[in-house]
Amino acid sequence: MKIVVIGGTGLIGSKVVTKLGEHGHEAVAASPNSGVDTLTGEGLDEVLVGADVVIDVSNSPSFEDAAVLDFFTRATTNILAAEAKAGVGHHVALSVVGTERLTDSGYMRAKVVQENLIKKSKIPYSIVHATQFFEFFKSIARGATVGDEVRLSSASVQPMAADEVASAVGRVSVGAPLNGTVEIGGPEVFTLADFIARGLKAHQDPRAVVVDDGAPYFGAILSGRELVPSDDAQRAETTFDAWLAVDVVSGPKP
Ligand SMILES: NC(=O)c1ccc[n+]([C@@H]2O[C@H](COP(=O)([O-])OP(=O)(O)OC[C@H]3O[C@@H](n4cnc5c(N)ncnc54)[C@H](OP(=O)(O)O)[C@@H]3O)[C@@H](O)[C@H]2O)c1
């Protein structure tokens, strides 16, 4: 199958392209780096010629509320319109577990707009809701750092390895469209504060993690289990400790 991966040069996208290629599919990475810009529409019609499936794992370069809303609204509208013209039979998008519960977050509101545009379009679709990527612990720590403290909520998270997010997205993309949403999460539940503390400790980062239930996450105050998938979600296997053992040797510093 020809599968176009919008955002195919990103963290998840590059893994999806590799995995689909290994399974014998023609996986094409599409992003500004490869001459495809979903905001302007440049290169979109050309890359979709003959495509069976489109996977959208792109992300907004800016997480500022208005910019991220504009990104997911314009990009999704342009992608879906180009898919309709090209006769694409399956649109797959990656979103976040709990988007609909985090209405105080501008980022999550923009992801809900993306999801609703997909649901309203006539293109058969599948939406994958994933939990926080292990890889993301460094940006969460950076965003929550005040002086030499990292202030984070005690709300629950069930993070997972980006590699397994990519596998899940790839699997869904080669199956029949779900016309619905599937959830995937990691094997363990932590508090958000403990998740980040474990990552920083493994990297011998001196910052102290302080539990602060008033500290916002992407603009939203968490109250408990908003970021945790339902009991029937798919479960990834890689534990955070196993992932960290590799990351401390070969990953970038937090
Ligand atoms: N972070 C998490 O924990 C988490 C959890 C669940 C779901 N997600 C979702 O996962 C998705 C992928 O995240 P990621 O971390 O893999 O993203 P990423 O590494 O930041 O990659 C973003 C990709 O989007 C592309 N892109 C940016 N502007 C574009 C444009 N105008 N047209 C086409 N492509 C464009 C980039 O292309 P260039 O390389 O050419 O700039 C890049 O390939 C996001 O939608 C996010 O909401 C994230």
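Student: By class, which residues does the lining of the second largest pocket have?

Tutor: The lining of the second largest pocket has eleven nonpolar, five polar and three charged residues. Keep in mind that this is a predicted model.

Student: How many Å³ of space lie in the second largest pocket?

Tutor: The general idea first: rolling a probe the size of a water molecule over the atoms shows where empty space is left. Here, the second largest pocket holds about 330 Å³ of space. It is lined by 19 residues, and those closest to its centre are G143, A144, P216, Y217 and F218.

Student: Which elements each supply at least two residues of that lining of the second largest pocket?

Tutor: Helix 4, helix 5 and strand 7 (149-152) each do so. Helix 5 gives the largest share, with four residues.

Student: And what volume has the largest pocket?

Tutor: Its volume is about 910 Å³. The lining runs to 41 residues, with V57, N59, F63, Y107 and F133 nearest the centre. By class, these 41 residues divide into 22 nonpolar, twelve polar and seven charged. Helix 1 (11-22), strand 4 (90-96), helix 4 (106-120), helix 5 (137-143) and helix 8 (240-250) each supply at least two of the lining residues. Helix 4 and helix 5 thus appear in the lining of the largest pocket and also in that of the second largest.

Student: Let's turn to the aromatic residues. How many aromatic pairs does a search of the whole structure find?

Tutor: A pair of aromatic rings is described by the distance of the centres and the angle of the planes. In this model, the search finds 15 aromatic pairs. Take F71 and F72: their ring centres are 5.1 Å apart and their planes stand at 90°, so this pair is edge-to-face. Both residues are buried. For F190 and F195, the centres are 6.3 Å apart and the planes lie at 10°, so that pair is stacked. F190 and F195 are buried too.

Student: Which residues form one aromatic cluster?

Tutor: The cluster consists of F63, F71, F72, Y107, F136, Y217 and F218. You have met some of these names already: F63 and Y107 are among the residues nearest the centre of the largest pocket, while Y217 and F218 are among those closest to the centre of the second largest.

Student: Now the sheets. In what order do the seven strands of the open sheet lie?

Tutor: Strands of a sheet pair through backbone hydrogen bonds, either parallel or antiparallel. The order in this open sheet is 2-1-3-4-5-9-12, and the pairing is parallel. At the edges are strand 2 (26-30) and strand 12 (234-235), each pairing on one side only. Inside the sheet, strand 5 (residues 125-130) and strand 9 (residues 180-185) run parallel and are joined by five bridges. You can check the register with H129, which stands opposite E183 in strand 9.

Student: What does strand 7 pair with in the antiparallel sense?

Tutor: Strand 7 pairs that way with strand 6 (residues 145-146), over two bridges. V146 has E149 of strand 7 as its bridge partner. The two strands make a hairpin with two residues between them, and G147 in the turn has a positive phi of about 65°. Strand 7 is also joined to strand 11 (residues 208-211) by four bridges, and these two run parallel. There, V150 is bridged to V209 of strand 11.

Student: Which residues of strand 7 make up its covered face, and which its uncovered one?

Tutor: In a regular strand the side chains alternate between the two faces of the sheet. In strand 7, V150 and L152 form the covered face, and E149 and R151 the uncovered one.

Student: What is the phi of Q204, and what is that of F218?

Tutor: Most residues other than glycine have a negative phi, and most peptide bonds are trans. Here, Q204 has a positive phi near 55°, and F218 has one near 50°. Q204 lies in the loop between helix 7 (192-202) and strand 11; its relative accessibility is 73%, so it counts as exposed. F218 lies in the loop between strand 11 and strand 12, and at 25% relative accessibility it counts as partly exposed.

Student: To finish, how many helices and strands are there in the chain?

Tutor: The chain has eight helices and twelve strands. Its radius of gyration is 18 Å, close to the 18 Å that the globule rule gives for 254 residues, so the chain is as compact as a globular protein of that length. Of those 254 residues, 49% count as buried.

Methods: Residues numbered from 1 in each chain as written. Predicted model: local features only at pLDDT ≥ 70, side-chain atom pairs only at ≥ 80, totals over all residues. Heavy atoms only, no water. 1 Å grid on protein atoms, 1.4 Å probe; cavity = no way out; pocket = protein on both sides within 12 Å on 5 of 7 lines; lining within 4 Å. Points joined across faces, edges and corners; volume = space filled by probe spheres on them. Nonpolar A, V, L, I, M, F, W, Y, C, P; charged D, E, K, R; others polar. Phe/Tyr/Trp six-rings, centres within 6.5 Å; stacked < 30°, edge-to-face > 60°. Buried < 20%, exposed > 50% of the residue type's maximum accessible area, 1.4 Å probe, protein only. Pairing = 2+ DSSP bridges. Rg over C-alpha atoms; globule rule 2.2 N^0.38 Å.
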